[in-house]
Each structure stands twice: as C-alpha cells, then as structure tokens.
Amino acid sequence: MLRWKATLSSSSICRLKRGSKTLTTSAPDAASIASVILKSDSEAQIQTLAPWTPDLVNQVVKRLWNHGPKALHFFKTLDRHPAYAHTASSYDHIIDISARMRDYKTVWALVAKMRALRLGPSQKTLAIVAERYVAAGKPDRAVRVFMNMHEHGVPQDLNSFNTILDILCKSKRVEMAYELFKMLRGRFRADAVTYNIVVNGFCLIKRTPKALELLKEMVGRRLEPTLTTYNSMLKGFFRAGQVEEAWGFFLQMKKRKCEIDVVTYTTLVHGFGVVGEIKRAKKVFYEMVGAGVLPSVVTYNAYIQVLCKKDSVEHAMVVFEEMVRKGYVPNSTTYNVIIRGFCHAGEMERGVEFMERMKSDECEANVQTYNVVIRYFCDAGEIERGLDVFRKMSEGKCLPNLDTYNVLISAMFVRKKPEDLLVAGKLLVEMVDRGFLPRKFTFNRVLDGLLLTGNQGFAKEIMRLQSSCGRLPRHFRM
DNA sequence: ATAGGGTTAG
C-alpha cells in the first residue's frame, strides 16, 4: 500500500500546481498508476498498487487503451484479486480492446464470463462487438451479432435496431444498413430516430437525393422530421459540395420557423469555411449571436480550424484570444487545431510552444497533439525532431496509437539511411507488441528495406512476426 | 451505446 503513495506523490503535486480542473482526478492518479503497470508484470504489485475501485479501474484501462496486451494483463490480474470484482463497464471496456485487436476468441470468452457472473452482456456490450466487427471489415458478422442477440440473453428491440443501423451507417456501410432497414422497419416500428440515422447515413456518403427521398417518406408515414434531421441534411449538402443547396435549405428552415440552434450555425460556419468561403463563414459566425444563439466551444473550434486552413493562423489566433477573453475554456481540440495551423504554416517552433502552453493550461497534450507535431516534423524532413517528440510522448504518459506508428515508420524511409530501417523494424515489433495490426503494405515495405540494407537476420524475424499476426488470438485467454 | 456540429491528409 505504501508503494503507490511513494510513486505517485510527486506527479500529483505537479498536476495540482495550476490548481483547477484536474483536481477532479483524485489522489490515486490513474495516469501514474498506468505508467507503473506498463513497467511491471508482477501480479502482487499490480494488485496492491492502489485501493481499487470500479472507477479507478476504468480510468486505468482507458490510459492503457493503446497498449491492448497490457490492458488485458491488468484486467486478468485484477480478476484474480481476492477482494476486487470487475464491473460490467470494465468488461465492456476490455471487450472493446480485445475486439479492436481482432481477438474474437477472447471477446466471446469474456462475453460468456460476463453472462456467467450475471453482469451482462448488455445491449451496449453487443453494440461494441458489432462496431468492432464493422471496423475490421466484417459488417456481415456485425449484423449476425444483432440477429442473434437473444442467444446472449439480450432483448432485441427498437433501440438495438437503431443502434445497429447507426453502427453500419457511421462506417459507411449505408447500403447494408438500408437493406436491413427495409427488411425490419415494420417489425420494429421504425421511428423518427431510425429515419434520422438512415438519412444521416445517406448524407455521409453524399447521396443527398436519397436522403431527401427518405425525409419525404418519413413525412408520408406521419413521422415528424426533427431539427436533427434538418441539421443532418444541411451537413450532407456541404459534404456533397452542394454549397448553394445548403444555403437554400437553411433559408427554408428559417422560413418554416424551425428552431435553429447552435448545431445548425456550426454546420454553416464549418461548411462555408472548408470550401474557402471565409467571408460567409465569418458572417454567419457573428450573426448567430444576433439571432439569439450563442456559439459553443465547438463553434469556435470549427471557425478557428477553417481560418487556419483557408485564411491564416494569425487571424485564427485573434479569434482564439477573443474566445478566451469571453470566458470560453478551450479544449484539447482547440489547441490541436491551432497547433496544426502553426505547423502547417511552417512555424514548427510556435506549434511546439503552443503544446507547452496547452500543458500549463488545464489541457494535456493527447495522442492527436503528438501525432500532428510528429507528422509535420517528418514532412519537413526533420526526422530527428520527430523522433524526439515521439520519445517525449512516452515520458508524458501518452501511448502512441496506430497513426503514430504509421507516420514514424513511413518517415524512416525518407533519408535512405540503413540505421533508419533498423528503427523502422523496431517500431514495427513494438507496435505489434502493443496490439496493433500493421497493414500488409507496412510489413512489405520494412521487409524490403531490411533486405536491401543487408539485414537478413532482422528481416527473418519480421517475417516470423508477420505470420504470427495471422494466428490470433495470441495475447490472452480467460 | 437511440439521431445532428469541431482534430490527420491530398
């Protein structure tokens, strides 16, 4: 018990200095605990590391999100704890992680165990599994999970129907969602939410005419379209490049006395901005207040982002300062958008500076922050600086994700240095170790590089690694 | 975890 106090106190004090929001994370700091777990395999040490509570366990699991095998090891270790018992939500998290690693044997073993313990599975649990199947390119298996829900003791109803449709739509499997929708809308009594999900799906794949058709069908079935329906359509027009249609649709919304909200305005600001219509974006941004709708942090983020992309980061900074002056609290997206703006303008130093400013604020640099800076350093040919930031990441208790590894591995090919290929190989080993599945392309590129630079031995090792990736599961069994 | 707005990258 003394152990966690000794290891954790210094970092806790650091976080207290600015005194405000981080305080919600109480004494046993999940970040510090996670970093101890990353270094330790000792069952006894993990079990006695903290006074475990469901909330703390979930926080630690989240910190280990990008190191699946460690997360599983942690879960399994606590499962053997004499006094602690996992909750349904930690099962959901660990099932999510296992499914992301495509370790379906473990996934279903955990689902079975959950059921044996009468902790679930819930509709949410199965939604997680279905979503991961779709993400892994297996939408048919996702649909099967939905169709067989009752076999897991989970009721199949309108909620779960809407959820599976949404999962399919969000992954752009809109056609499949639509087939399922047509087949089962009668049985489940499709409601306005069901229609909104499918309308939004067709908007996501830029099929606005089909989305409009469904909107009309909705009215025909006496289901009143909601503001959500209209906002989805509006976004869809922008996405499809139909800027004037979007504006016309907005005018119709106003004319029909629709209660236009902050989401509507944010969609307009962002939509005009991304096509370079900064004047119109600005006009909307400053007119919304007159219309009685206050911008949110998200609205500011959208506006700042489009200024960075289509105007200048200097103007974006003016808006950022205005936002702070008005009492808005920038979040990590705000910072990331600004940092990207500086990097994109070639002002890497100011980007890095802003990263520090973010840390001293209530925001911590997250994996996206690091990815942006690493990417731009590498793009600028400053490979060493990119690697430096990567190293800093591990000190900063932020685990790299798939993007981080992909960006860095690609960067290892630009200087044509044999040493870089060794680094690429090491990164590849590390990413597999952490539960990420590299693309075939990545394996081949690294293999070619190693063979060309005379590293036959290492190349062989990588080949063995690649074949072991095909034989999942490899990390864990209950 | 039943629906809509803001983060990579051309």
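This text describes a predicted model, taking the surface around DNA strand B and then one pair of helices.

Around DNA strand B there are 39 residues, and those that come nearest are Glu131, Asn231, Asn301, Gln305 and Tyr376. Of the strand atoms that come within 4 Å of the protein, sugar and phosphate make up 50%. Sorted by class, the residues of this surface are 20 polar, 10 nonpolar and 9 charged.

Individual atom pairs give more detail. The side chain of Glu131 has an N or O atom 2.4 Å from a base nitrogen of DNA strand B. For Asn196, an N or O atom in the side chain is likewise 2.4 Å from a base nitrogen of the strand. His270 addresses the backbone of the strand: a polar atom of its side chain lies 3.3 Å from a phosphate oxygen. The elements that give two or more residues to the surface include helix 8 (123–135), helix 12 (192–204), helix 16 (262–274) and helix 22 (367–379). Helix 18 gives the most, with 6 residues.

The second topic is how helix 19 and helix 21 are arranged. Two packed helices are described by the angle between their axes and the distance between the axes. Helix 19 spans residues 313–325 and helix 21 residues 348–360; their axes come within 14 Å and cross at roughly 15°. Angles under 35 degrees count as roughly parallel, and the two helices are therefore roughly parallel to each other. The crossing of helix 19 with helix 21 is left-handed. On the helix 19 side, Glu314, Met317, Phe320 and Glu321 take part in the contact, meeting Arg350, Phe354 and Arg357 of helix 21. By class, this contact holds 4 charged and 3 nonpolar residues, and no polar ones.

Key: Residues numbered from 1 in each chain as written. Chains lettered and ligands numbered in written order. Predicted model: local features only at pLDDT ≥ 70, side-chain atom pairs only at ≥ 80, totals over all residues. Heavy atoms only, no water. Near = heavy atom within 4 Å. Polar contact = N/O pair within 3.5 Å; in protein donor to acceptor, adjacent residues only side chain to side chain. Helix = DSSP H or I, 4+ residues; strand = E, 2+ residues; numbered from the N terminus. Nonpolar A, V, L, I, M, F, W, Y, C, P; charged D, E, K, R; others polar. Axes fitted to C-alpha atoms, helices over the stretch in contact; angles between N-to-C directions. Parallel < 35°, antiparallel > 145°, perpendicular 65-115°, else oblique. Left-handed = near helix turned anticlockwise from the far one by under 90°. Contact = heavy atoms within 4.5 Å.
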